[in-house]
Amino acid sequence: MATLKVSSHVPSPSEDAEQLKSAFDGWGTNEDLIISILAHRSAEQRKLIRQTYHEACGEDLLKTLDKELTSDFERAILLWTLEPGERDALLANEATKRWTSSNQVLMEVACTRTSTQLLHARQAYHARYKKSIEEDVAHHTTSDFRKLLVSLVSSYRYEGDEVNMTLAKQEAKLIHEKIKDKHYSDEDVIRILSTRSKAQINATFNRYQDEHGEEILKSLEEGDEDDKFLGLLRSTIQCLTRPELYFVDVLRSAINKTGTDEGALTRIVTTRAEIDLKVIGEEYQRRNSIPLEKAITKDTRGDYEKMLVALLGEDDA
């Protein structure tokens, strides 16, 4: 469930574009006006506002925002204003440029989007960077990470609910054997995780638990805690089966440490506000005994805080 609150009486794109232009005019930028508009428009509405602004003002709204805003607030506004596919392409490209074995953004984009959303991200990547996401992921990653990540970003899964229980039983047995032998990067394991539908994967892991008396993630916890690939494999499975738990872990790590990880916090809020941020927030409160909105307002300030709170649906608009 989304947290985004779209105004009940939405002005026309031309009216919104005119209001945004007025927010940039004069001696100072009217950040509150920008938030009141953009933080309460759907992806399709924001797309129309961008188009209309460009037609009326002769400049991409994103370039104007980039000139007028700064710091974490600017990042949040820019990511939010991008079309979802464009945003995922940007996040993926940034992740390849500073890829490390503990960077899970590529996996996150590949595994928590629908097949159509991931396809749109790949198309946007082509258009923006003049090459494929698979090409960049393969270039910037190595060994087992390359095998898994290239397969994940290339995926186009069946999205339906139909499952093959015979196949689930067979693949649960296969995965158990590979885990027992610590063959975590086996080609069959990667094939299953990168090609099967999420419904099929859930059926396989349910069968795994029934047959072996513990969840797949519990079995993988017995491996080397310092094994970065094993950590990525666990997160991949979590994103494919219970993505809200993965996002709660990312948020808790971003907020509950010395110095907030604004990059991770901004990424999660802007990418999930129109999808399942309400579910993520409920799970966050259940596991941390504090509402997500309160956790965020304790660690953020100013216009950045206002923007995040608005996307959480907790402002007065």
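**Pockets, cavities and helix crossings**

Let's start with the largest pocket, which has a volume of about 530 Å³. One caution before going on: this is a predicted model.

Who lines that pocket? The lining has 22 residues. Nearest the centre of the pocket lie Val105, Val250, Asp261, Ala264 and Arg267. Please find those five on the structure now.

Next, the helices behind that lining. Four of them supply at least two residues each: H6 (84-97), H15 (228-241), H16 (243-255) and H17 (262-272). Which helix gives the most to the largest pocket? H16 does, with five residues.

What about chemistry? The lining of the largest pocket splits into seven nonpolar, eight polar and seven charged residues.

Now let me place this pocket in the chain. The chain is divided into four stretches: domain 1 (13-69), domain 2 (84-154), domain 3 (165-241) and domain 4 (244-301). Domain 2 and domain 4 each give at least three residues to the lining of the largest pocket.

On to the second largest pocket. Its volume is about 360 Å³. The second largest pocket is lined by 13 residues, and closest to its centre are Gln104, Gly231, Leu232, Arg234 and Ser235. Which helix provides the largest share here? H15 does, with six residues of the lining.

The lining of the second largest pocket holds two nonpolar, six polar and five charged residues. At least three lining residues come from domain 2, and at least three from domain 3.

Keep H15 in view. H15 supplies at least two residues to the largest pocket, and six to the second largest.

Let's turn to the cavities. How many cavities of 30 Å³ or more does the structure hold? Two.

Take the largest cavity. About 60 Å³ of space lies in it. The residues lining the largest cavity are Ile175, Ile179, His183, Tyr184, Val189, Leu193, Phe205, Ile216, Leu220, Leu233 and Ile237. How do they divide by type? Ten is the nonpolar count, written 10 in the tally, with one polar and no charged. H11 (165-180), H12 (187-195), H14 (216-220) and H15 each supply at least two residues of this lining. So H15 is here as well.

The second largest cavity has about 30 Å³ of space. Its lining consists of Ala110, Arg113, Thr114, Ser115, Leu118, Ser155, Tyr156 and Arg157. By type, that lining divides into three nonpolar, three polar and two charged residues.

Now for how the helices sit against each other. Two packed helices are described by the angle between their axes and the distance between the axes. I have three pairs to show.

Pair one is H7 (residues 105-112) with H15. Their axes come within 9 Å and cross at roughly 25°. That makes H7 roughly parallel to H15, because angles under 35 degrees count as roughly parallel. The crossing of H7 and H15 is right-handed.

Pair two is H6 with H17. Both of these helices supply at least two residues to the lining of the largest pocket. The axes of H6 and H17 come within 11 Å, crossing at roughly 155°. Angles over 145 degrees count as roughly antiparallel, and H6 and H17 are therefore roughly antiparallel to each other. H6 and H17 make a left-handed crossing.

Pair three takes us to another part of the chain: H1 (residues 13-24) and H3 (residues 43-57). Here the axes come within 8 Å and cross at roughly 65°. H1 and H3 are therefore roughly perpendicular to each other. H1 passes H3 in a right-handed crossing.

One last distance, between domains. How many Å separate the centres of domain 1 and domain 2? Taken over C-alpha atoms, 29 Å.

To recap for anyone new to this model. The largest pocket, at about 530 Å³, draws on domain 2 and domain 4, with at least three residues from each. The second largest pocket, at about 360 Å³, draws at least three residues from each of domain 2 and domain 3. The largest cavity, at about 60 Å³, has no charged residues in its lining. That's it from me.

Note on methods: Residues are numbered from 1 along each chain as its sequence is written. This is a predicted model: local features need pLDDT of at least 70, side-chain atom pairs count only at pLDDT 80 or more; totals for chains, interfaces and linings use all residues. Side-chain values use heavy atoms; hydrogens and water are left out. On a 1 Å grid over the protein atoms alone, a cavity is a set of points where a 1.4 Å probe fits but cannot get out, and a pocket is an open set with protein on both sides within 12 Å along at least five of seven lines; lining residues have an atom within 4 Å of a point. Grid points are joined across faces, edges and corners, and a volume is the space filled by probe spheres set on the points. Helices (H or I, at least four residues) and strands (E, at least two) are DSSP runs, numbered from the N terminus. Ala, Val, Leu, Ile, Met, Phe, Trp, Tyr, Cys and Pro count as nonpolar, Asp, Glu, Lys and Arg as charged, and the others, Gly among them, as polar. Domain bounds come from an automatic or database domain assignment. Axes are lines fitted to C-alpha atoms, for helices over the stretch in contact, and angles run from 0 to 180 degrees between N-to-C directions. Angles under 35 degrees count as roughly parallel, over 145 as roughly antiparallel, 65 to 115 as roughly perpendicular and the rest as oblique. A crossing is left-handed if the near helix is turned anticlockwise from the far one by less than a right angle, and right-handed if clockwise.
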